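I set out to record how the helices of this chain are arranged and which residues they turn inward. The entries follow in the order of my look-ups.

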Amino acid sequence: MKKLLSLVVVCAALAGCNSTKEPIYYYGDYSTAVYAYLKADEVSAEEQISMLEQIISEAAGKNKPVAPGLHAHLGMLYFETGNPSLGTTHFETEKTLFPESVQYIDFLLNSAKGA
């Protein structure tokens, strides 16, 4: 009986350690895009926008939500390139997808309008 109980405990522990879960959000090459933003002298804002738009379309193709912050990052790039209407659209999308970001996104929107 002890052997059976030990076997059940070991099997349950191993089953609980399964690390092959799919991530909730689709990140694609988002870390590369963030790195490109930080090294802005090597990659233009337009190229960064293209990278982020590609990630969004890949996520849609996989029927997965994009990572938190991606639309905010894209909105910020649109503001930097002189396209505030698309910037605002992506900021609003970020607020809709991630309601916990509303205060920060509102701060960014107010800052962008003041600049």
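Entry 1. I count a residue as buried when its relative accessible area is under 20% and as exposed when that area is over 50%. The model I examined is a predicted one.

Entry 2. I began with helix H2, residues 30-38, and asked which of its residues are buried. I found Tyr30, Ala33 and Ala36 to be buried. I then asked where these three lie around the axis of H2. They span an arc of only 115 degrees, which places them on the same side of the helix. In general, an α-helix has 3.6 residues a turn, so residues three or four places apart point the same way. On the other side of H2, I noted Ser31, Tyr35 and Leu38 as exposed. I looked up what covers the buried residues of H2, and the cover includes H3 and H4.

Entry 3. I turned next to the pair H3 and H4, where H3 comprises residues 45-61 and H4 residues 70-80. Their packing angle is about 150 degrees, and their axes are 10 Å apart. Angles over 145 degrees count as roughly antiparallel, and H3 and H4 are therefore roughly antiparallel to each other. The crossing of H3 with H4 is left-handed. On the H3 side, I listed Ala45, Gln48, Ile49, Leu52, Glu53, Ile55 and Ile56 as contact residues. They meet Leu70, His71, His73, Leu74, Leu77 and Tyr78 of H4. I sorted the residues of this contact into nine nonpolar, three polar and one charged.

Entry 4. I inspected the loop between H3 and H4, where Asn63 is located. Asn63 has a positive phi of about 60 degrees, although it is not a glycine. In general, most residues other than glycine have a negative phi. Is Asn63 buried or exposed? Its relative accessibility is 72%, so I entered Asn63 as exposed.

Entry 5. I then followed H4 to its packing with H5, residues 84-97. The angle between H4 and H5 is about 165 degrees, and their axes lie 7 Å apart. That angle makes H4 roughly antiparallel to H5. The crossing of these two helices is left-handed. H4 contributes Leu70, His71, Ala72, Leu74, Gly75, Met76, Tyr78 and Phe79 to the contact. From H5, I recorded Pro84, Leu86, Gly87, Thr88, His90, Phe91, Thr93, Glu94 and Leu97. By class, the residues of the contact of H4 with H5 are ten nonpolar, six polar and one charged.

Key. Residues numbered from 1 in each chain as written. Predicted model: local features only at pLDDT ≥ 70, side-chain atom pairs only at ≥ 80, totals over all residues. Heavy atoms only, no water. Axes fitted to C-alpha atoms, helices over the stretch in contact; angles between N-to-C directions. Helix = DSSP H or I, 4+ residues; strand = E, 2+ residues; numbered from the N terminus. Parallel < 35°, antiparallel > 145°, perpendicular 65-115°, else oblique. Left-handed = near helix turned anticlockwise from the far one by under 90°. Contact = heavy atoms within 4.5 Å. Nonpolar A, V, L, I, M, F, W, Y, C, P; charged D, E, K, R; others polar. Buried < 20%, exposed > 50% of the residue type's maximum accessible area, 1.4 Å probe, protein only. Arc of directions from axis to C-beta.
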